[in-house]
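Thank you all for coming. I would like to take you slowly through one structure today, so please look at the sequence and the model as they come up.

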Amino acid sequence: MSAPETSSPPEPGGLGNRIGVAGRLLPVTGWRVLNSVRESRLHSSLVAPLFREVNLEMTIVCNLRCPFCWWWGTNGVAPKIIRDKEPLWKDQLTFEEIRKVFTPLRGKGVHVYLSGGEPFDRPDAIEIVEFLASLGLTVSFTTNGTLLTDEIIDRLVKVDGITIIHFSLDGPEDIHDSIRGKGNFAKTVANAQKIIARRKNGHPKVWAQSVMTNAMFGRTLEFVRTVEAAGFDRHLFQHLWFADRPTLDQHRKALQEDFGVVDTAAEGHLMALPGAAYGRRAALELENTRRAVYPFQMWTAPRLGVEDAEKYYSDMKFAVVKSCGKPWAGVNIKADGRVVFCPDQWISYSVGNVRDAPLVELWNNGAAKLFREKLNARGLWPGCVHCCAINWRQQ
Ligand SMILES: C[S@@+](CC[C@H](N)C(=O)[O-])C[C@H]1O[C@@H](n2cnc3c(N)ncnc32)[C@H](O)[C@@H]1O
Ligand code: SF4
Ligand code: SF4
């Protein structure tokens, strides 16, 4: 997520887009084969070429409380880290520190994905976006869209380097507001539409990003039609990222065996298994909607056929993709400066802190090589099966 520190969606211009219409029609399994061939080349060395993407967690603070969120949801871990919502969480990187970290990446062709918490729940978010773009880096981010002011929107549309802004919308107005708070659907859509109206030449792209929940069953088509009519360029759906109790226990145990520390970061993902029938319903609804709205682009992450969806929601041993190339391709900077490979709190193993060493040094240091070595030996850790890093694919 995601991204991106959260669910990190892929950039346009990737494999799927380059192949064009043929690529869009390639069946789900075809993409898996292509991606696994591409990824197998990445894993042979413990030293990786310069990362292509940096995921910067702007803050873990957030103004909303979505129940499925690993930060602020029912089992979210953020309240254990910061007890109360503080306007400026005391441990988070300052703008000056962020400048220092990213300046050496000027012109290096790196993409920066901003996540949170809510990225705009820090007053200097717009300055950070403008600064990153001024280095020649491309930038995208996911936002709940509720904190964007007219001034911020006017500045955002002037930043050339922003590729995509993902607005989280979790259903038609009544469903969205029951998850994210009354009035927030209208606020988020209005802000997205202001960007669409004020942007030049169709940039940045404005995408809706949604979590597939059972509240959406029977309403998905209506919802996607609303998103299309509102002027969004694309609609992305994420299946739930989650883990049940036994999987979280196995995940923690495996990480302890490999790294000798107790890692409880993934606890925010705790959810009871929804079951096979839930998966079947979700897959059918998404695929039928996808066909009905074409040529409007609707993507799902992961894109699942019915059988795979049944397993995804009922069998935590099932992995859509069986290996992870993320630590060879991208890196995450936590809000407090720690550098980790895994998004969304799945694994908090850190290779150091940008407050102590340059990012490019941390990227291939001993701790980074150890992580890649252990990942190669494991294939995946138990919780990895529902991590966005292996479940997001161009479609
Ligand atoms: C953690 S949020 C951070 C950005 C911002 N606060 C927002 O909500 O857009 C990033 C994305 O992850 C999604 N998300 C949160 N919890 C999720 C879960 N358990 N499974 C899948 N996606 C989830 C959110 O809906 C959002 O689109
Ligand atoms: S707005 Fe984003 S970070 Fe905040 S609770 Fe919702 S999903 Fe989590
Ligand atoms: S799949 Fe596992 S190893 Fe790969 S980024 Fe996600 S949590 Fe980390």
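Let us begin with Leu236, which counts as buried because 24 C-beta neighbours lie inside 10 Å, where 20 or more are needed for that label. This is a predicted model, and everything I say today should be heard with that in mind. Leu236 is found in strand β6, which covers residues 234–238. Leu236 and Phe167 are 69 residues apart in sequence, and from C-alpha to C-alpha they are 9.9 Å apart in space.

Strand β6 belongs to an open sheet of 10 strands, whose order is β7-β6-β5-β4-β3-β2-β1-β8-β9-β10 and whose pairing is mixed. The edge strands are β7, residues 298–301, and β10, residues 350–353, each of which pairs on one side only. If you look along the sheet, neighbouring strands are turned by 20° against each other on average, with direction ignored.

Within the sheet, I would like to pick out strand β2, residues 111–115, and strand β3, residues 138–143, which run parallel and are joined by 4 bridges. One residue to find here is His111, whose bridge partner in β3 is Thr138. Helix α6 packs on the sheet, where it touches β2, β3 and β4, the last of these being residues 162–168, and the direction of α6 makes about 155° with that of β3.

For the protein as a whole, there are 16 helices and 10 strands, and buried residues make up 46% of its 395 residues.

Which residues touch the most other members of the largest nonpolar core? That core has 104 residues, and the ones in question are Trp71, Val112, Val129, Val339, Ile347 and Cys387. Helix α6, residues 125–134, gives the most to this core, with 5 residues. As general background, nonpolar side chains tend to be buried together in soluble globular proteins. To take one member in more detail, Ile347 touches Leu255, Asp263, Ala265, Val340, Cys342 and Trp381, if we leave out residues up to four places away in sequence.

Cys342 brings us to the ligands, since Cys342 is among the residues that come nearest to ligand 3, together with Cys324, Trp346, Cys384 and Cys387, out of the 13 residues around that ligand. How does the shell around ligand 3 divide into nonpolar, polar and charged residues? The shell holds 12 nonpolar residues, no polar ones and 1 charged one.

Around ligand 2, the residues are Cys62, Leu64, Arg65, Cys66, Cys69, Trp71, Trp72, Gly116, Gly117, Glu118 and Asn144. The shell around ligand 2 divides into 6 nonpolar, 3 polar and 2 charged residues. Trp71, then, appears in the shell of ligand 2 and also among the core residues I named a moment ago.

Let me turn now to some details of the backbone, starting with the loop between α9, residues 184–198, and β5, residues 205–211, in which Pro204 lies. A cis peptide bond joins His203 and Pro204, with omega at about -5°. Asn201 lies in that loop between α9 and β5 as well, and Asn201 has a positive phi of about 55° although it is not a glycine. Is Asn201 buried or exposed? Asn201 is exposed, because 4 other C-beta atoms lie within 10 Å, and a residue with 12 or fewer is counted as exposed.

Gln345, in the loop between β9, residues 338–340, and β10, also has a positive phi, here about 70°, although Gln345 is not a glycine. Gln345 counts as buried, because it has 28 C-beta neighbours inside 10 Å.

A further cis peptide bond runs from Tyr294 to Pro295, with omega near 15°, and Pro295 is found in the loop between α12 and β7.

Finally, please find Gly275, whose place is in the loop between α11, residues 245–259, and α12, residues 276–293. Gly275 is exposed, because 12 other C-beta atoms lie within 10 Å, and 12 is still within the limit for that label. Leaving out residues up to four places away in sequence, Gly275 touches Tyr313 and Ser314. The C-alpha atoms of Gly275 and Tyr313 are separated by 5.1 Å, although the two residues are 38 residues apart along the chain.

Methods. Residues are numbered from 1 along each chain as its sequence is written. Chains are lettered from A and ligands numbered from 1 in the order in which they are written. This is a predicted model: local features need pLDDT of at least 70, side-chain atom pairs count only at pLDDT 80 or more; totals for chains, interfaces and linings use all residues. A residue is near a molecule or strand if its C-beta atom, placed from the backbone, lies within 6 Å of it. Ala, Val, Leu, Ile, Met, Phe, Trp, Tyr, Cys and Pro count as nonpolar, Asp, Glu, Lys and Arg as charged, and the others, Gly among them, as polar. A nonpolar core is a set of buried Ala, Val, Leu, Ile, Met, Phe, Trp, Tyr and Cys residues joined through C-beta atoms within 7 Å. Helices (H or I, at least four residues) and strands (E, at least two) are DSSP runs, numbered from the N terminus. Two residues are in contact if their C-beta atoms, placed from the backbone, lie within 7 Å. Two strands pair if DSSP finds at least two bridges between them. Axes are lines fitted to C-alpha atoms, for helices over the stretch in contact, and angles run from 0 to 180 degrees between N-to-C directions.
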